[in-house]
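Colleague: I've just opened this model and I don't know where to begin. Please take me through it one feature at a time.

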Amino acid sequence: MPEQDSAARAANFDEVNLGFTDELALLEASRCLQCKDPRCMQDCPVCVNIPKFLELLSHGRIAEAAQSLLDDNALPGVTGRVCPQETQCEAGCVRAARGRPVGIGHLERYVADWARTHRDQLSAAKTPATGRRVAVVGSGPAGLTAAGELVRHGHGVTIYEALHKPGGVLVYGIPEFRLPKKIVAQEVERLQELGVKIECNAVIGRTWTVPELRGQFDAVFLANGAGLPVFMDVPGENLKGVYSANEYLTRINLMAAYQFPRSSTPVLHGQRVAVVGGGNVAMDSARTARRLGAAEVMIVYRRTRNELPARAEEVHHAEQEGVHFEFLTAPVEVIGNDKRWVTGLKCLHMKLGTPDASGRARPEPVPGSEFVMPCDVVVVAIGTRANPLLTATCPELKLNKHGYLVVDENGMTNLPGVFAGGDIVRGAATVILAMGDGKRAAGAINNYLKPAAS
Amino acid sequence: MHSILGRQQLSPNVTRLKVRAPRIAAIRQPGQFVIVRLAENAERIPLTIADADPAAGAITLVIQSVGKSTRELVALKPGDAIRDIVGPLGHATEMIASGRALCIGGGVGTAVLHPIAQSLNRRGVHVTSIIGGRSREWVIFEEELRRLGEVVVCTDDGSHGRKGFVTDAAKDLLATGGADIVYAVGPVPMMRAVANLTRPLGVRTIVSLNPVMIDGTGMCGGCRVTVGNKTRFACVDGPEFDGHQVNFEELMDRLTIYREFEQRATACADGGCRLEAAVAGRPAQ
């Protein structure tokens with residue numbers, strides 16, 4: 001996939017990957033061997049019929065390819081950009097065994113982008129209305145996917161979104177250079193054209209409660225996300241210059257703080273930014289800090305490169321853009337000056353010990369290895385925990401010990417007709433797993449609504 | 001869109017807006033707040049709900065003009081609209097069922113006291129309010145609070161009521177009559193002073209905190225405050241806390257994080273930095 005030059009892009013917020021040309025796309029699609037038992041499809045959380053859309057594409061039948069893709073996946077422009085294809089569809093590709101797998105992710109993106117710009121060439125046939133209504137809580141990947149599926153079954157769908165703009169993590173979390181907001185907006189518009197209603201500024205647990213929604217709708221799908229940021233619980237964490245990744249990214253992505261003062265929300269532009277954590281959110285924060293002009297950006301991670309939870313492509317892009325990795329390093333204190341501004345991160349060197357419950361080697365501190373890493377902004381990207389806002393106002397809902405919702409194999413909670421999926425069930429996971437939950441739950445909701453509908 | 005139904009200037013820099021928000025008007029409780037976003041590209045600003053008129057589907061917001069964003073809000077006229085209002089957010093105020101309550105308000109914080117005093121009064125709690133301002137013209141909500149109980153007004157220059165700080169009046173009142181609970185809402189130094197006054201007396205003291213906030217749903221953690229040596233999120237755990245447990249110094253300090261940006265934004269709004277606005281699209285300088 002052609003991409004922007006790394007030096008140029010480290011200073012702008014434009015998308016890094018530039019997309020396939022028509023010729024490249026056709027050529028790449030024709031590399032698909034059309035396996036009888038396609039592993040790529042089995043490894044896809046939303047079960048996209050990959051061989052089908054690739055075959056149509058390879059014959060230049062792009063409108064049909066787009067229709068096929070959209071029938072399986074409500075947000076292909078999103079997944080084509082942010083899915084970890086290397087561990088899913090592309091890992092299963094038989095081509096991978098001898099050389100390079102088919103570039104399924106890039107092709108999905110290509111077809112999705114064509115679909116966005118050629119909406120008039122796609123079928124707009126609507127399913128007859130069933131008269132049943134479903135409330136979806138949260139307009140992130142799980143909620144949007146479920147809404148898309150449900151509306152295609154003919155159900156009336158209203159999404160309730162707490163923020164002022166739909167998209168959830170796709171608009172507040174994932175940066176512009178990885179997933180342009182315009183693409184999310186267009187995918188959302190397409191769902192609205194199909195009949196999905198979206199009510200923004202509605203916090204479930206405050207503006208409305210789950211029992212209220214249950215009283216007004218035939219079913220409810222809870223996909224309100226993981227929520228609360230986890231902090232390190234070390235001294236100095238409330239000094240000026242310490243952000244949760246959620247706050248840092250929300251200021252920049254949702255509130256467009258990088259355009260200040262043209263947009264009104266500010267964000268601190270550090271010269272030396274330390275990002276704590278090794279996941280995709282940490283990579284997003286680090287690459288964002290570079291784009292805000294930081295001379296040095298360090299990823300502080302307590303294990304080694306081999307254990308980084310982030311996607312390989314994100315790590316690679318971060319390195320290309322000049323982000324440094326400080327492996328086997330764990331923060332123990334944030335240091336500030338007399339005005340309480342951050343001046344450094346006190347860390348310990350670690351060594352890998354015996355495997356812990358997660359199967360990964362447990363990092364153990366090296367005695368006497370304490371040092372201070374000078375920095376003026378610290379971004380904490382070590383995960384999130386369940387937000388109790390919704391569940392506290394519906395105490396009947398069964399939660400696990402971490403505060404996440406407990407669901408059965410159909411995605412239904414202990415309350416009949418109330419389903420849930422995405423991070424509020426799994427804890428922080430990926431966009432595509434949340435979408436898989438949305439798709440599965442929509443199927444289950446459709447079955448749940450059927451008996452009474454007939 | 002939420003249309004402006006009424007506007008009233010309360011003091012030289014405090015404005016009351018009556019805004020259409022039917023759902024919030026119907027269910028809000030004292031102590032709760034909303035987050036407003038005036039227009040595309042505008043900031044999200046937390047504002048306490050000073051009053052509500054469920055029949056008219058309206059809430060009352062009292063806004064102190066301090067920077068570019070609040071200046072834009074207070075410039076709104078009836079017929080204009082606010083793009084986004086979300087709420088009601090935060091927990092409702094902890095109430096007492098009977099006895100005597102002392103409500104202490106400073107500046108725009110006095111507006112926050114109003115729904116609390118209203119609710120206390122409705123429960124039959126004896127309410128005394130102490131409200132303050134620099135001078136007569138800076139005192140707000142005096143008339144509304146008089147309907148709910150006695151009011152002691154304090155001004156720095158003595159142009160109205162007694163001369164001095166609200167804490168001086170509070171000290172006298174607590175020494176003579178006492179109170180079962182104190183509610184203090186105003187500038188952070190005022191709330192700290194009240195908490196310091198009531199701590200040795202053992203009078204429960206509730207303060208309403210106003211840290212920097214974005215989403216209001218617990219997602220960003222920007223509004224974190226230290227209460228009883230624990231980190232709490234004002235948006236979902238508050239906004240009201242036990243004043244004796246709050247680390248006011250840290251709150252005051254964190255409120256200054258964006259001071260430089262606010263000055264720049266105000267200067268820009270005044271037309272002082274066309275150049276900066278032009279290059280703002282280029283993030284890496």
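**Reading the model**

Modeller: Let's start at P239(B), which sits in the loop between α7 (234-237) and β16 (240-242) of chain B. Helices (H or I, at least four residues) and strands (E, at least two) are DSSP runs, numbered from the N terminus. This is a predicted model, where local features need pLDDT of at least 70 and side-chain atom pairs count only at pLDDT 80 or more, while totals for chains, interfaces and linings use all residues. Residues are numbered from 1 along each chain as its sequence is written, chains are lettered from A and ligands numbered from 1 in the order in which they are written, and side-chain values use heavy atoms, leaving out hydrogens and water.

Colleague: Is the peptide bond from G238(B) to P239(B) cis or trans?

Modeller: As a general idea, most peptide bonds are trans, and most residues other than glycine have a negative phi. The bond from G238(B) to P239(B) is cis, with omega near 10 degrees. G87(B) to P88(B) is a cis bond too, with omega near -5 degrees, and P88(B) belongs to strand β7 (residues 84-89) of chain B.

Colleague: And is phi of A256(A) positive or negative?

Modeller: Positive: phi of A256(A) is near 55 degrees, and this residue is not a glycine. You'll find A256(A) in the loop between α13 (245-252) and β7 (272-276) of chain A. R340(A) also has a positive phi, near 65 degrees; its loop runs between β10 (329-336) and β11 (342-355) of chain A.

Colleague: Is A256(A) buried or exposed?

Modeller: Buried means under 20% relative accessible area, exposed over 50%, and partly exposed in between (1.4 Å probe, protein chains only). A256(A), at 12%, is therefore buried. R340(A) is partly exposed because its relative accessible area is 29%.

Colleague: Which residue of chain B forms a salt bridge with R340(A)?

Modeller: For a salt bridge, look for a side-chain nitrogen of Lys or Arg within 4 Å of a carboxyl oxygen of Asp or Glu. The partner of R340(A) is D253(B), and their closest N and O atoms are 2.9 Å apart. This pair crosses between chains, with D253(B) in helix α8 of chain B and R340(A) in the loop between β10 and β11 of chain A. D253(B) is buried, at 13% relative accessible area.

Colleague: How many salt bridges are there across the interface of chain A and chain B?

Modeller: The rule finds 4 across that interface, and 51 over all chains. Where the chains are in contact (heavy atoms within 4.5 Å), 50 residues come from chain A and 49 from chain B. The two chains bury about 4,200 Å² between them, 57% of it on carbon and sulfur atoms; buried area is the accessible area (1.4 Å probe) that two parts lose on being put together, summed over both.

Colleague: Now for bridges inside a chain: where are D113(A) and R81(A)?

Modeller: Their closest N and O atoms are 2.8 Å apart in a salt bridge. It links distant parts of the chain: D113(A) is in helix α8 (residues 104-117) and R81(A) in helix α6 (residues 76-82) of chain A, 32 residues apart. Both ends are buried, D113(A) at 17% and R81(A) at 7%.

Colleague: How many aromatic pairs does the structure hold?

Modeller: There are 9 over all chains. Rings of Phe, Tyr and Trp (its six-membered ring) pair if their centres lie within 6.5 Å; planes under 30 degrees apart count as stacked, over 60 as edge-to-face and the rest as tilted. F231(A) and F233(B) are edge-to-face, 6.3 Å centre to centre with 85 degrees between the planes. Their pair crosses between chains, from the loop between β5 (227-229) and β6 (242-244) of chain A to strand β15 (residues 230-233) of chain B. F231(A) is buried at 16% and F233(B) at 4%.

Colleague: Which residues touch the most other members of the largest nonpolar core?

Modeller: A nonpolar core is a set of buried Ala, Val, Leu, Ile, Met, Phe, Trp, Tyr and Cys residues joined through side-chain atoms within 4.5 Å. In the largest, with 74 residues, L170(A) and F221(A) touch the most other members. Its largest share, 9 residues, comes from α18(A). Apart from it lies another core of 40 residues, including F231(A) and M213(B).
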